[in-house]
Amino acid sequence: MDAIVLFDYAGVAVFAATGALAASRKELDAMGFVFMAGVTGIGGGTLRDLILGVPVFWVVNHDYILVCAAAAALVYFTAHLVESRYRLLLWLDAAGLAAYSVFGAWKGLVVTGSPLVALVTGVLTATFGGILRDVLAGEPSVLLRPEIYVTAALAGAGAFTLADLAGLPVMAAASIAFLVAFAVRAGALRFGWRLPRYRSRPGRRPEEIE
Amino acid sequence: MDAIVLFDYAGVAVFAATGALAASRKELDAMGFVFMAGVTGIGGGTLRDLILGVPVFWVVNHDYILVCAAAAALVYFTAHLVESRYRLLLWLDAAGLAAYSVFGAWKGLVVTGSPLVALVTGVLTATFGGILRDVLAGEPSVLLRPEIYVTAALAGAGAFTLADLAGLPVMAAASIAFLVAFAVRAGALRFGWRLPRYRSRPGRRPEEIE
Amino acid sequence: MDAIVLFDYAGVAVFAATGALAASRKELDAMGFVFMAGVTGIGGGTLRDLILGVPVFWVVNHDYILVCAAAAALVYFTAHLVESRYRLLLWLDAAGLAAYSVFGAWKGLVVTGSPLVALVTGVLTATFGGILRDVLAGEPSVLLRPEIYVTAALAGAGAFTLADLAGLPVMAAASIAFLVAFAVRAGALRFGWRLPRYRSRPGRRPEEIE
């Protein structure tokens, strides 16, 4: 439980920054930045730890709370320099998704020994913070965007699990898996990569049906 | 802890199918189907287990994860055959609500021995997956619909708890309670059964008040 | 763990009332009132207890469930007498926020001994019930309102933590901290107190950016 923790700090920091960017888009005050950074930064890992039945990571190690506050402060003072905060949010979200898909899978594997649970905790850790951010900010969820999202988290969690089962050293497995997840999501953001969408028809609104 | 588990599998499977139907209405990709099926299928039970302080059911038994994936695949390949996916979603949701109100009450009763807690865990297990589904899909929550919803879950949890306290065998109590909950919700869907609504006036929007 | 519990009951009762008021604004039925009261009343404390890894308070002591039901009944029969339910909701929310910021900080401090964790559990306990209420009712979150909100919760949690570290008796520290938090939020409601908002520009909608 040494170097792999870097992925945890990285996930928390960049997700916290995306939460603060969402706060800036909503023009919240400084405490709103800290709150959104905190919820987004530690939300995914908190759900993961609750599900795995282990102590919540930031209750054990308070540094994570300070990381979120620092990310909020950084964004508060620099967000006006950014041309498109939403695009920056999406790219940071991609990095956080990649880091957290790896760390979530690692922790699921360490705690339960089950590759299947590792896939689920990887995906949940990687996506839940962003879901909370979008719900709290009242924005359309990044989940509903057309390009690849959940699939990138699954690719990262799956690559880590496979590499780990294949006997690679943990940091090698984690680094490869991070690159896999980030590459998939980056391709989605840069080139609009998408899986074939469900090709039927969009849902009607409830009122139209009855 | 034998046959009653059937209600758990049934609840997971049909809620997972409603999550996949919501994904189809939003035209997500295949992984979006699996994600929405998973969150909807295991969301209510996960909350229940966290609240009761017992190991989360799908971490202990991975079959539930596979059930969700199978339900997602089934919906992915057949949803275009359905005339109204939203109406199918509502009916499957009714079956899941009934099954999960019974199983949630049973588990609450087994773990805590308290009928009052059993009512709450029955209602929470039965409703929380659907709430998550609607929030993630950005749809108006099924909770806010005019016809009976939460009341059906309470009827199922209450019928099970009463029948169990009256000494009926578990499967008999569970079957009766399932039918009670499903009948109440089916009446609501088919005939628009509703309790008297609060008869004052709808809320104004925050902007209109200040 | 004696008199301080009064703040817990107070927080549950007034948050439950705000949930029932939200139900009245949405014209739900009587069970909808109870459900919204329950989720809003016990939501924040449930999250707090899960994060701290202690048994969930209302599973241990069922009185809290009955408090929520009583608050729902009271609102159901009297809400039509109120001129502006939304304004009443905001003022009750302020009292609940103050009570729960104190109790959440106290519990965080008792369980972990860490002032930093106490700040976080104070803020989370105080805000999470209201967030759930707004998400379930499909209302714009109180978090996104321009006047001070999260800051009031932090002021309450911080005042309690400081006063406790300074050696004040628990009830004195709690009473002072309650008044601090309530005064800050009341000033925000009555006089529109706000921190300087982030002064850049509001976010564009995702469609406008790409």
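This section describes the interface between chain B and chain C and the second largest pocket in a predicted model.

At the interface, contacts link 30 residues of chain B to 34 residues of chain C. The area buried between the two chains amounts to about 3,000 Å², and carbon and sulfur atoms account for 65% of this area. Zero salt bridges were found across the interface of chain B and chain C. Polar contact was counted for one residue pair between these chains, with both residues at pLDDT 80 or more. On the side of chain B that touches chain C, at least two residues each come from helix 2 (30–52), helix 6 (115–137), helix 7 (150–165) and helix 9 (206–209) of chain B. Helix 6 of chain B makes the greatest contribution to this side, with eight residues. By residue class, the side of chain B that touches chain C comprises 19 nonpolar, seven polar and four charged residues.

The second largest pocket encloses about 890 Å³ of space. Its lining consists of 40 residues, of which Gly138(B), Glu139(B), Pro140(B), Val135(C) and Gly138(C) lie closest to the pocket centre. Two or more lining residues are contributed by each of the following elements: helix 6 (115–137) and helix 9 (206–209) of chain A, helix 6 of chain B, and helix 6 (115–137) of chain C. Helix 6 of chain C gives the most to the lining of this pocket, with five residues. The lining of the second largest pocket divides into 18 nonpolar, seven polar and 15 charged residues.

Key. Residues are numbered from 1 along each chain as its sequence is written. Chains are lettered from A and ligands numbered from 1 in the order in which they are written. This is a predicted model: local features need pLDDT of at least 70, side-chain atom pairs count only at pLDDT 80 or more; totals for chains, interfaces and linings use all residues. Side-chain values use heavy atoms; hydrogens and water are left out. Contact means heavy atoms within 4.5 Å. Buried area is the accessible area (1.4 Å probe) that two parts lose on being put together, summed over both. A salt bridge is a side-chain nitrogen of Lys or Arg within 4 Å of a carboxyl oxygen of Asp or Glu. A polar contact is a pair of N or O atoms within 3.5 Å; within protein, one must be able to donate a hydrogen and the other to accept it, and residues adjacent in sequence count only if both atoms are side-chain atoms. Helices (H or I, at least four residues) and strands (E, at least two) are DSSP runs, numbered from the N terminus. Ala, Val, Leu, Ile, Met, Phe, Trp, Tyr, Cys and Pro count as nonpolar, Asp, Glu, Lys and Arg as charged, and the others, Gly among them, as polar. On a 1 Å grid over the protein atoms alone, a cavity is a set of points where a 1.4 Å probe fits but cannot get out, and a pocket is an open set with protein on both sides within 12 Å along at least five of seven lines; lining residues have an atom within 4 Å of a point. Grid points are joined across faces, edges and corners, and a volume is the space filled by probe spheres set on the points.
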